[in-house]
Amino acid sequence: MSEERFGEFVLVRRHEHVAELALDRPKAMNAVSTGMARSLAAACTALGEDRSVRVVVLTSTHERAFCVGADLKERNSFTDADLMRQRPVARAAYTGVLELPMPTIAAVHGFALGGGFELALSCDLIVADRTAVVGLPEVSVGVIPGGGGTQLLPRRVGAARAAELIFSARRLEAPEARELGLVDELVDEGEDRSAALALAARIAANSPVGLRAAKRALRLGHGLDLRAGLEVEDAAWRSVAFSADRAEGVAAFNEKRAPQWPGE
């Protein structure tokens with residue numbers, strides 16, 4: 001396993017074809033400061049360009065929190081001009097995770113609130129342990145979710161349920177979050193990271209070209225009418241149909257062996 005640090009608060013660990021993107025600001029429960037946002041965006045840019053990475057797992061080094069959201073202590077000192085200058089920096093962090101071209105999994109324990117939960121929502125799958133507490137409480141401090149929450153949460157749980165959760169600003173403990181579909185897999189306390197990495201390893205055994213194309217079809221086709229969605233799928237299929245991965249996959253199947261993916 002190799003490690004690479006992006007700034008002071010973001011760490012990338014490599015587990016063969018799985019990259020672990022670790023939030024590492026424990027003294028602030030991973031509250032997203034301006035500096036941390038810049039580092040997260042930079043790490044996502046690097047991972048997105050790395051063709052050897054097949055899956056990304058977003059984790060936390062803090063024992064009691066995934067991420068508590070925006071750094072409100074930092075923002076308390078901001079002028080209006082400071083806040084406007086920071087906005088594109090913050091957005092780049094959230095869109096960096098959202099736009100990663102390979103499958104992404106969030107491993108959540110403890111508090112995942114506001115922008116912290118939006119980072120998890122930006123991933124394709126969320127694995128949570130039984131200590132997880134999630135929610136979008138922004139309206140309780142006079143703002144709204146600004147890291148994609150108003151758009152990502154309805155896509156998971158439907159418009160009415162998302163409205164209730166956002167308007168009430170309430171926090172949900174892990175069992176209810178799983179029941180309502182805010183998280184995808186619920187595991188025992190302390191098992192979120194290992195379960196997410198195990199799932200990532202299973203996913204990473206598949207074609208990297210196929211994985212990226214499947215994610216593209218899922219993301220671009222969501223919300224379209226069926227005919228338009230099928231056109232998105234067809235375009236994605238054409239992008240892999242004549243790839244070296246497709247040729248290797250067919251050959252490996254017929255030769256009854258594990259594929260050695262070229263990744264192209």
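How do the residues of the lining of the largest pocket divide into nonpolar, polar and charged? In this predicted model, local features need pLDDT of at least 70 and side-chain atom pairs count only at pLDDT 80 or more, whereas totals for chains, interfaces and linings use all residues. Residues are numbered from 1 along each chain as its sequence is written, and side-chain values use heavy atoms, with hydrogens and water left out.

The lining of the largest pocket comprises 17 nonpolar, 8 polar and 10 charged residues, where Ala, Val, Leu, Ile, Met, Phe, Trp, Tyr, Cys and Pro count as nonpolar, Asp, Glu, Lys and Arg as charged, and the others, Gly among them, as polar. A pocket is an open set of points on a 1 Å grid over the protein atoms alone, where a 1.4 Å probe fits, with protein on both sides within 12 Å along at least five of seven lines, and lining residues have an atom within 4 Å of a point. The largest pocket holds about 910 Å³ of space, a volume being the space filled by probe spheres set on the points, which are joined across faces, edges and corners. Of its 35 lining residues, Ala70, Asp71, Leu72, Arg75 and Val143 lie nearest the centre. Helix H3, a DSSP run (H or I, at least four residues) numbered from the N terminus, gives the most to this lining, with 7 residues.

The second largest pocket holds about 680 Å³, and its lining divides into 11 nonpolar, 2 polar and 9 charged residues. Helix H9 gives the most to the lining of this second pocket, with 8 residues.

Technical notes: Helix = DSSP H or I, 4+ residues; strand = E, 2+ residues; numbered from the N terminus.
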